[in-house]
Amino acid sequence: MSLSSLSALRTEIFHYIDAHQSDFIENLKEWVAVESDSVQPDLRKEVIRMMSLAAARLAALGATVNSVSLGSQQLLNGQHLPLPPVILGELGKDPQNLTICFYGHVDVQPAKKEDGWKTDPFTLTEINGNLYGRGATDNKGPVLAWINAVGTFRALKRAMPVNFKFVIEGMEEAGSLGLEKLLEEEKQGFFSDVDYIVISDNLWLSKKKPALIYGTRGNACFCVEVEGGDKDLHSGTFGGIIHEPLTDLIALLDSLVDPTGHIQIPGIYDAVAVLTDEEKKLYESIEYDIEEHKNNSGVKKLLYSTKEEILLHLWRYPSLSIHGIEGAFHEPGIKTVIPAKVIGKFSIRQVPNMDLSDVHQRVVDHLENVFAKRNSPNKLKVSMPLGAQPWVADVNDPLYKAAKRAIKTVFGEDPDFIRDGSTIPIARIFQTITQKRVIMFPIGAADDGEHSQNEKISRFNYIEGTKVFAAFFLEIAKLRGQSHETSNPGTNN
Ligand SMILES: C[C@H](N)C(=O)N[C@@H](Cc1c[nH]cn1)C(=O)O
Ligand SMILES: [Zn+2]
Ligand SMILES: [Zn+2]
């Protein structure tokens, strides 16, 4: 295609997207209205309903849709819960075209209005150009932006510049249960003709400047259970004469990380890849506004004061966070009870070259040591229900260059090349199993509040994000004929 006809096509596409903003927002409203929380078992039926909506939307695009059943999951209490199906979609099979596979998820984190939302989390609400609702940015908005972009080519009856494949799941927030097995099974089938995998499930580093992501941390999630007797007790009748499970648990949790954020588990930093001078320079050159990031968090002070220290500790070093305690009284008011069994939840965001089984073993050894010193008769159980590995890509890949050009076209500036401190559990597995190159192409801004109260995507990011994906398809089409064999996508740590 000549440069002028390419430019005319882009203009036509961008006009269409601008003119259909309301329809695209209505689609997001319909999706946000489904409480597809994959974490809470009693909402699993809503996740399954969400998968049907996503399948219907892909079918409306003209895609072939296969909803693959993944069986069930066994919860810690032994209960079996059906897993939502994974959608494998396909649109276009032109042998002249490259094939890009988009991965996204339509499950969400838990949300309740009383957590401090200013609007109902499951009613998409626009305020001052922001679209508020659970899943608006993580990840329903970006999934729909991609679908809107594909749909625009269809609506304009334009030839598809690439072949599309889709993997849409409903268990990402719970660690992508069952998906790895499906990838193994489909390696020679569905994935055999895929050239690239695209994920849009992260955020930019700033509110305004677009970014491309070339690395994410992994996540090892732990449960530490302390059990006393078989029932809760009156703290007046038994307080002072027993070893209390919650007191044991708090001591265990307190032993994990010091006030400077340093993890206290012996040897946990041993395997962390050494920082090279080249890498250090990369950090120095990244544009990053500490004040803006601090404001996005709502906290008064960060643990570090320089840009380099902050970015290194977000992307390049492990961190340990404590998430909650199951079984502890947490309602308003006072209940003078000694809980019989409590489960602490924490996770370690691990980085290259930390090994998951080594991390697991060190955590178990450390907690058992601390517990032994307490001479408590209570029972201790430590488990790692979820372990996701970090992922790193090569930014010199033509795929990143194509994305960079699309960003320049739509946003008028080059993207930041950044890492992300959070985790896409399946990214590394995708790369290892399929041996295809993966790119992370976010459209959400740094203040979108993933997993937080008042999650949002701005109208601007949602609509310009749709345009940037459409521009990306045209850029990928230009890669035809270039070698897209990967040097070695599966060897990062
Ligand atoms: C980055 C992505 N949008 C996300 O939120 N991922 C989750 C996945 C996860 C990791 N452990 C359990 N779930 C995250 O990083 O928390
Ligand atoms: Zn996500
Ligand atoms: Zn998430």
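Residues 215–373 are a good place to start: this span is 37% helix and 20% strand, and its end C-alpha atoms lie 39 Å apart. The UniProt record, in an unreviewed entry, lists residues 215–373 as "domain: Peptidase M20 dimerisation". Keep in mind that what you're looking at is a predicted model.

**The chain as a whole**

- If you count up the secondary structure, the chain comes to 14 helices and 20 strands.
- The radius of gyration is 24 Å, close to the 23 Å that the globule rule gives for 493 residues, so the chain is as compact as a globular protein of that length.
- Along its principal axes, the C-alpha trace spans about 85 × 50 × 45 Å.
- Buried residues make up 42% of the 493 residues in the chain.
- Take the contacts with a separation of 6 or more: 81% of them are accounted for by residues 24 or more positions apart.

**Two domains**

- The domain assignment splits things into domain 1 (3–216 + 391–477) and domain 2 (219–272 + 317–388).
- For the contact, five residues come from domain 1 and five residues from domain 2.
- On the side of domain 1 that touches domain 2, you'll find two nonpolar residues, three polar and no charged.
- The C-alpha centres of domain 1 and domain 2 are 34 Å apart.

**Around ligand 1**

- Ligand 1 has 15 residues around it, and the closest are Asp138, Asp201, Asn219, Ser422 and Thr423.
- Two elements, β11 (219–227) and β16 (379–388), give two or more residues to this shell.
- Sorted by type, the shell around ligand 1 has five nonpolar, six polar and four charged residues.
- Where does ligand 1 lie relative to domain 1 and domain 2? Both domains give residues to its shell, so ligand 1 lies between them.

**A closer look at Lys467**

- You can find Lys467 in helix α14, which covers residues 459–477.
- Is Lys467 buried or exposed? A residue counts as buried with 20 or more other C-beta atoms within 10 Å of its own, and Lys467 has 24 C-beta neighbours inside 10 Å, so Lys467 is buried.
- Leaving aside residues up to four places away in sequence, Lys467 touches Phe14, Ile17 and Val410.
- Lys467 and Arg10 are 457 residues apart along the chain, yet their C-alpha atoms are separated by 8.8 Å.

Definitions and conventions: Residues are numbered from 1 along each chain as its sequence is written. Chains are lettered from A and ligands numbered from 1 in the order in which they are written. This is a predicted model: local features need pLDDT of at least 70, side-chain atom pairs count only at pLDDT 80 or more; totals for chains, interfaces and linings use all residues. A residue is near a molecule or strand if its C-beta atom, placed from the backbone, lies within 6 Å of it. Helices (H or I, at least four residues) and strands (E, at least two) are DSSP runs, numbered from the N terminus. Ala, Val, Leu, Ile, Met, Phe, Trp, Tyr, Cys and Pro count as nonpolar, Asp, Glu, Lys and Arg as charged, and the others, Gly among them, as polar. Domain bounds come from an automatic or database domain assignment. The radius of gyration is taken over C-alpha atoms; the globule rule is 2.2 Å times the number of residues to the power 0.38. A residue is buried if 20 or more other C-beta atoms lie within 10 Å of its own, exposed if 12 or fewer, and partly exposed in between; C-beta atoms are placed from the backbone. Two residues are in contact if their C-beta atoms, placed from the backbone, lie within 7 Å. UniProt positions are given in the numbering used here, feature names are shortened, and annotations may be inferred rather than shown by experiment.
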